[in-house]
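Hi there,

I'm passing a structure on to you, with my notes below it. Have a look at it first, then read on.

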Amino acid sequence: MPAPENTQPITPAGLAALKARYDHLLGKERPEIVEIVSWAAGNGDRSENGDYLYGRKKMREIDRELAFLAKVMKHAKVVDPSQQPDKSRVFFGATVTIADEDDEQRTLTIVGDKEQDASGGKVGWSSPIARALRGAEVGDLRTVRLPGGEKEWEVVAISYP
C-alpha cells in the first residue's frame, strides 16, 4: 500500500518518538538556551561573548530541528501494522526474516523512512531492500540491487505486531 506522494508512512511508535523529541526541544532545551542567551546578552559586548555566540548558534540549530520535525509530522501518515488485513504478504510494518544463498538469515522490520535504524534492524519503506520485499510471501525469492551488486534473498517468515 504505497503512500500518497506528499505523505510519508510512519508507525505509531515512530510518530510518538518524533513528538517526544519535538516536545523535549520546545519545552526543555530551547528555554534553557534562551535563558543562557538572555543572561549573556546582559553582560555587555556580544561580539566576543562566547556564551552569547554559542547560545545563538545552538538556538538556530534547535529551531532548524523543530522546523524539520514539524514538517515531518505534518506529512506523516500513521499506519498501524497490526491493522494490516493481509498478514501473509510483506507490507509496511512487517517484520521479515530473509535468507541469502548461503542460508544466512536477517530479520528486518519495514518502517517509515524517518524512523529507520539499520543497527536495530529497521529499514525504511523506500530503501532498496524494502522495495524489493513489498508484496512478497513466504518462499518468494527477491533480488535486491545493492552498491556491491545484486543479491538474492528468500522470504523465510513474515509477522506483524
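**What I found**

One thing to keep in mind as you read: this is a predicted model.

Let me start with the strands. β3 covers residues 95-99 and β4 covers residues 105-111, and the two pair in the antiparallel sense through five bridges. If you want a landmark for that pairing, take Ala99, whose bridge partner in β4 is Gln105. Together β3 and β4 make a hairpin, with five residues between them. On its other pairing, β4 is joined to β5 (residues 122-124) by three bridges, and these two strands run parallel. Here Thr109 is a handy marker, with Lys122 as its bridge partner in β5.

The turn of the hairpin has a detail you may like. Asp103 sits in the loop between β3 and β4, and its phi is positive, near 65 degrees, although the residue is not a glycine. Is Asp103 buried or exposed? Its relative accessible area is 57%, and the cut-off for exposed is over 50%, so Asp103 counts as exposed.

Gln84 makes a nice contrast. This residue lies in the loop between β2 (76-78) and β3. Its relative accessibility is 10%, and buried means under 20%, so Gln84 counts as buried. As for what the side chain does there, it reaches the backbone nitrogen of Asp86 at 3.4 Å.

Next, the nonpolar packing. The largest nonpolar core has 21 residues, and those touching the most other members are Val90, Val96, Ile98, Ile110, Ile129 and Leu133. Two or more residues each come from β3, β4, α3 (128-133) and β7 (149-159). Which of the elements gives the largest share of this core? That is α3, with four residues. Val90 is worth clicking on: leaving aside residues up to four places away in sequence, Val90 touches Val96, Ile110, Leu133, Arg134, Gly135, Ala136, Ile158 and Tyr160. There is also a second, separate core of 13 residues, with Leu15, Leu25, Val37 and Val72 among them.

Finally, the empty space, which I suspect you will turn to anyway. The largest pocket holds about 150 Å³ of space. Its lining is made up of Thr11, Pro12, Ala13, Gly14, Pro81, Gly93, Thr109, Val111, Glu115, Lys122 and Pro161. You will recognise Thr109 and Lys122 in that list, the bridge partners from the pairing of β4 with β5. Both α1 (12-41) and β4 supply at least two residues of the pocket lining, and α1 gives the most, with three.

How many cavities of 30 Å³ or more turn up in a search of the whole structure? The search finds one. The largest cavity contains about 30 Å³ of space, and the residues lining it are Gln8, Pro9, Ile10, Val72, Ala76 and Lys114. Strand β1 (residues 8-10) accounts for the largest share of this lining, three residues. Val72 links two parts of this tour: it belongs to the second core and also lines the largest cavity.

Happy browsing, and best wishes!

Note on methods:
Residues are numbered from 1 along each chain as its sequence is written. This is a predicted model: local features need pLDDT of at least 70, side-chain atom pairs count only at pLDDT 80 or more; totals for chains, interfaces and linings use all residues. Side-chain values use heavy atoms; hydrogens and water are left out. Two strands pair if DSSP finds at least two bridges between them. Buried means under 20% relative accessible area, exposed over 50%, partly exposed in between (1.4 Å probe, protein chains only). A polar contact is a pair of N or O atoms within 3.5 Å; within protein, one must be able to donate a hydrogen and the other to accept it, and residues adjacent in sequence count only if both atoms are side-chain atoms. A nonpolar core is a set of buried Ala, Val, Leu, Ile, Met, Phe, Trp, Tyr and Cys residues joined through side-chain atoms within 4.5 Å. Contact means heavy atoms within 4.5 Å. On a 1 Å grid over the protein atoms alone, a cavity is a set of points where a 1.4 Å probe fits but cannot get out, and a pocket is an open set with protein on both sides within 12 Å along at least five of seven lines; lining residues have an atom within 4 Å of a point. Grid points are joined across faces, edges and corners, and a volume is the space filled by probe spheres set on the points.
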